[in-house]
Amino acid sequence: MEAKVSGEERRIKQLNTLSGDWDFEELESLASTTAFTLNQVEALHKLYEQLSRSVINDGKIHKEEFLMALFNSRSKKNLLAEKLFELFDLKRNGVIEFGEFVYSLNIFHPDTPKADKIAFAFKLYDVLHTGYIEREGLKKMVLAAVGDCDLQLSEAEIDVLIERTMQESDLKREGKIDIEEWNLLVAKYPSLISNMTVPHLRDITMIFPGFVVDSKVKDSDLVS
């Protein structure tokens with residue numbers, strides 16, 4: 001029986017077929033395997049060029065540039081940002097290349113299948129890299145989120161929140177949440193992955209309209 005290939009493995013395999021020159025054919029290939037149109041991929045390339053030269057001018061997004069884009073600070077320590085950078089860096093080489101940038105942002109596109117968003121969120125909360133969402137890792141993530149939002153929650157209140165979550169989610173009573181239990185929890189509380197959708201990604205060509213001037217897409221093919 002053939003082993004099932006994960007979405008991440010499939011994306012890495014697709015990336016390895018591209019030269020990285022990002023000519024028309026390669027941009028078209030990215031568009032054909034994501035929820036983005038060709039116009040939107042071109043707009044993302046313009047955005048990527050800006051971000052990848054904001055600190056280190058080498059055409060790749062380093063962690064400092066990623067933090068600058070999220071927090072306007074290249075030195076701020078943030079667990080969520082660290083995990084996002086880790087997940088965007090599909091090749092695990094310490095930088096985010098353009099193909100990785102597009103495939104990772106695709107998770108947040110409104111038209112991306114819910115299953116892909118659920119799987120990505122699960123990896124995001126798997127802070128300890130065990131293949132499970134565990135109490136310790138979940139607490140670290142909640143503490144980071146609370147700190148960013150300036151919410152007034154004591155550590156005791158956070159502990160109560162974590163305990164309630166584990167009691168409801170850990171159906172197998174293993175002290176951790178596996179992917180099946182996570183799927184059931186999201187089905188019950190869809191808002192758990194509400195942050196996995198960024199509506200503005202559908203309007204990326206409006207947010208970065210400059211790309212239209214240099215676009216290789218015919219005017220008749222442009223989307224509104």
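Here are a few exercises, each with a worked solution, on the predicted model shown above.

**Exercise 1. Get your bearings: work out how many helices and strands the protein has, and how they follow one another.**

Solution. Start with the count: the protein has 12 helices and 2 strands. Next, walk along the sequence and write down each element, which gives α-α-α-α-α-α-α-β-α-α-β-α-α-α. Finally, look at burial: of the 224 residues in the protein, 40% are buried.

**Exercise 2. Find the largest pocket and describe what lines it.**

Solution. Step one is the volume, about 790 Å³ for the largest pocket. Step two is the lining: 26 residues line this pocket, and Tyr125, Leu138, Val142, Leu161 and Leu192 are the closest to its centre. Step three asks which elements give two or more residues to the lining; they are helix 7 (114-125), helix 8 (135-149), helix 9 (155-169) and helix 10 (179-188). Helix 8 provides the largest share, with 7 residues. Last, sort the lining by class, and you get 19 nonpolar, 4 polar and 3 charged residues.

**Exercise 3. Do the same for the second largest pocket.**

Solution. Its volume comes to about 630 Å³. Now the lining: there are 23 residues, and nearest the centre lie Leu70, Phe88, Leu105, Phe108 and Val198. At least two lining residues come from each of helix 3 (38-51), helix 4 (63-71), helix 5 (79-88), helix 6 (98-106) and helix 11 (204-207). Helix 4 gives the most, 4 residues. By class, the lining of the second largest pocket holds 20 nonpolar, 2 polar and 1 charged residues.

**Exercise 4. Take the rings of Trp22 and Phe98 and decide how the pair is arranged.**

Solution. A search of the whole structure turns up 8 aromatic pairs. For Trp22 and Phe98, the ring centres are 5.1 Å apart and the planes meet at 80°. Planes over 60 degrees apart count as edge-to-face, so that's what this pair is. Now place the two residues: Trp22 is in the loop between helix 1 (7-15) and helix 2 (24-32), while Phe98 is in helix 6, so the pair ties together parts 76 residues apart in sequence. For burial, the cut-off is under 20% relative accessible area. Trp22, at 16%, counts as buried, and Phe98, at 2%, is buried too.

**Exercise 5. Follow Phe108 to its ring partner Phe120, then to the cluster they belong to.**

Solution. Phe108 and Phe120 form an edge-to-face pair, 5.5 Å centre to centre with 75° between the planes. Phe108 sits in the loop between helix 6 and helix 7, and Phe120 in helix 7, so the pair links parts that are 12 residues apart in sequence. Both Phe108 and Phe120 are buried. Widen the view and you'll find one aromatic cluster made of Phe66, Phe85, Phe88, Phe108 and Phe120.

**Exercise 6. Check whether the length of helix 7 agrees or disagrees with its residue count, then list its buried residues.**

Solution. Helix 7 has 12 residues, and at 1.5 Å a residue they should span 16 Å. The end C-alpha atoms of helix 7 are 17 Å apart, which agrees. Its buried residues are Lys117, Ile118, Phe120, Ala121, Phe122, Leu124 and Tyr125.

**Exercise 7. Find the ring under the charged end of Lys176.**

Solution. Look at Tyr132: the charged end of Lys176 sits over its ring, 4.0 Å from the ring centre.

Definitions and conventions:
Residues are numbered from 1 along each chain as its sequence is written. This is a predicted model: local features need pLDDT of at least 70, side-chain atom pairs count only at pLDDT 80 or more; totals for chains, interfaces and linings use all residues. Side-chain values use heavy atoms; hydrogens and water are left out. On a 1 Å grid over the protein atoms alone, a cavity is a set of points where a 1.4 Å probe fits but cannot get out, and a pocket is an open set with protein on both sides within 12 Å along at least five of seven lines; lining residues have an atom within 4 Å of a point. Grid points are joined across faces, edges and corners, and a volume is the space filled by probe spheres set on the points. Ala, Val, Leu, Ile, Met, Phe, Trp, Tyr, Cys and Pro count as nonpolar, Asp, Glu, Lys and Arg as charged, and the others, Gly among them, as polar. Rings of Phe, Tyr and Trp (its six-membered ring) pair if their centres lie within 6.5 Å; planes under 30 degrees apart count as stacked, over 60 as edge-to-face and the rest as tilted. Buried means under 20% relative accessible area, exposed over 50%, partly exposed in between (1.4 Å probe, protein chains only). A charge sits over a ring if NZ of Lys or CZ of Arg is within 6 Å of the ring centre and within 35 degrees of the ring normal. The expected span of a helix is 1.5 Å times one less than its number of residues.
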